[in-house]
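Hi everyone, thanks for making time. I'll walk you through one structure today, going from place to place, so let's bring it up.

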Amino acid sequence: MRAADGTAVPLLQGLGLRKRFGSLEVLCGVDLTLRAGEALGVVGPNGAGKTTLFGVLAGALPASAGTLHFDGQDLAGWPADRRCRAGLARTHQVPRPFLGMTVLENVLVGAQHGAGLRGAAATQAALQALDRAGMAPLAGRPAAALGLLDRKRLELARALATRPRVLLLDEIGGGLTEAELAQLVALLRALRGDGLTLVWIEHVLHALMGVVDRLLCLDAGSVLAEGDPQAVMADPRVRAAYVGGAMDAAAEVAA
Ligand SMILES: Nc1ncnc2c1ncn2[C@@H]1O[C@H](COP(=O)(O)OP(=O)(O)OP(=O)(O)O)[C@@H](O)[C@H]1O
């Protein structure tokens, strides 16, 4: 979409986003702009407000202040299901599939409840999502029998079944082995190749850096730095905000 002056309208744009829980201000005026086809990484120490930001973007949490536009539409007052149907999907940090259902049945829930599809259209969207997530051979397997990587893939497939334009990924890399991370990175790159726009919260920085074009670092609810991933990770304020292993990984990546 283009503005009257010919410039591209951002696909997703939040300005001055704030979120309070009682007296605790968790987001303190966050600006976020995403162009179509872009992949933005979101990093920051524990408790920085990253998942809360996703909640505000996806409509699970009402913003205390600020504006949010998706594809030129003002999302104020739009509940999560309406945002999802408009093409804004998310995954959750801890995948919670319906354990008594098969993989396909879980993904069908995404197609039906997330995208509002019915009958053959829902089945087709679910099968396509399973295929994109590399899970087609596991369609009939009970979700309870899946290992961690496949649970994460299932979470991804459930979101893909809603046919998103923007996918918000919350720490999908956590707990995976290096070999599994490599598979995940290849999968996310392929989704990008299909034109999907991504926002990815991740602590596993080397995986994140293999996918994103731009990084945004949150600290205590504010944007500490934003821009070229290497430059953001080399920023002394970002390095100071990290501790322990994440800092080591950041240093490696930035070297
Ligand atoms: N529903 C809530 N009520 C009160 N406080 C909350 C609520 N949700 C989150 N918080 C607080 O908001 C702050 C930010 O939490 P959030 O989960 O957004 O951080 P995060 O950057 O995603 O952290 P992590 O990297 O550990 O997942 C934390 O102090 C958290 O305890």
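Let's start at D71, which you'll find in the loop between β4 (65–70) and β5 (73–74). One thing before we look closer: this is a predicted model. What is there to notice about the backbone at D71? Its phi is near 55 degrees, which is a positive value in a residue other than glycine. And how covered is D71? There are 17 other C-beta atoms within 10 Å of D71, so it comes out as partly exposed.

There's another residue like that further along, R163. You'll see R163 in the loop between α5 and β7 (166–170). Again phi is positive in a residue that isn't glycine, and for R163 the value is near 55 degrees. R163 has 18 C-beta neighbours inside 10 Å, and therefore it counts as partly exposed.

Stay in that loop for a moment, because A161 is also found between α5 and β7. Is A161 buried or exposed? With 30 other C-beta atoms within 10 Å, A161 is buried. What does A161 touch, if we don't count residues up to four places away in sequence? The list is V107, G110, A111, G114, A115, A125, A126 and A129. As for A143, it sits 18 residues from A161 in sequence, and the two C-alpha atoms are 16 Å apart in space.

Some of those names come back when we turn to the helices. In general, two packed helices are described by the angle between their axes and the distance between the axes. Take helix α3 (residues 103–114) and helix α4 (residues 119–132): they pack at about 120 degrees, and their axes are 8 Å apart. That angle is why α3 and α4 are described as oblique to each other. The crossing of this pair, α3 and α4, is right-handed. Who makes the contact? From α3 we have V103, L104, V107, L108, A111 and Q112, and from α4 we have A122, T123, A125, A126, A129 and L130. Sorted by class, that contact between α3 and α4 has 10 nonpolar residues, 2 polar ones and no charged ones.

Now α3 again, with another partner. The axes of α3 and helix α5 (residues 148–160) come within 7 Å and cross at roughly 35 degrees. Here too, α3 passes α5 in a right-handed crossing. On the α3 side the residues are V103, N106, V107, V109 and G110, and they meet L154, A157, R158 and A159 in α5. By class, the contact of α3 with α5 has 6 nonpolar, 2 polar and 1 charged residues.

Before leaving this part, have a look at G140, in the loop between α4 and α5. G140 has 9 other C-beta atoms within 10 Å, so it is exposed. What does G140 touch, not counting residues up to four places away in sequence? It touches T102 and L104. G140 and T102 are 38 residues apart along the chain, yet their C-alpha atoms are separated by 5.5 Å.

Okay, on to the ligand. Which residues are around the ligand? They are F21, L24, V26, G44, N46, G47, A48, G49, K50, T51 and T52. Two elements give two or more residues to this shell, β2 (24–34) and α1 (50–58). Which one gives the most? That's α1, with 3 residues. The shell around the ligand divides into 4 nonpolar, 6 polar and 1 charged.

A bit more on α1, then. It is mostly covered, with 8 of its 9 residues buried. Those buried in α1 are K50, T51, T52, L53, F54, G55, V56 and L57. Right after α1 comes G59, and its phi is positive, near 95 degrees.

Last stop: A241, which lies in helix α9 (residues 236–241). A241 has 21 other C-beta atoms within 10 Å, so it is buried. Leaving aside neighbours within four places in sequence, A241 is in contact with G44, P45, C217, D219 and L224. And A48, which we met around the ligand, is 193 residues from A241 in sequence but 9.7 Å away in space, C-alpha to C-alpha.

That's my tour, thanks for listening.

Terms used. Residues numbered from 1 in each chain as written. Predicted model: local features only at pLDDT ≥ 70, side-chain atom pairs only at ≥ 80, totals over all residues. Axes fitted to C-alpha atoms, helices over the stretch in contact; angles between N-to-C directions. Helix = DSSP H or I, 4+ residues; strand = E, 2+ residues; numbered from the N terminus. Parallel < 35°, antiparallel > 145°, perpendicular 65-115°, else oblique. Left-handed = near helix turned anticlockwise from the far one by under 90°. Contact = placed C-beta atoms within 7 Å. Nonpolar A, V, L, I, M, F, W, Y, C, P; charged D, E, K, R; others polar. Near = placed C-beta within 6 Å. Buried ≥ 20, exposed ≤ 12 C-beta atoms within 10 Å, placed from the backbone.
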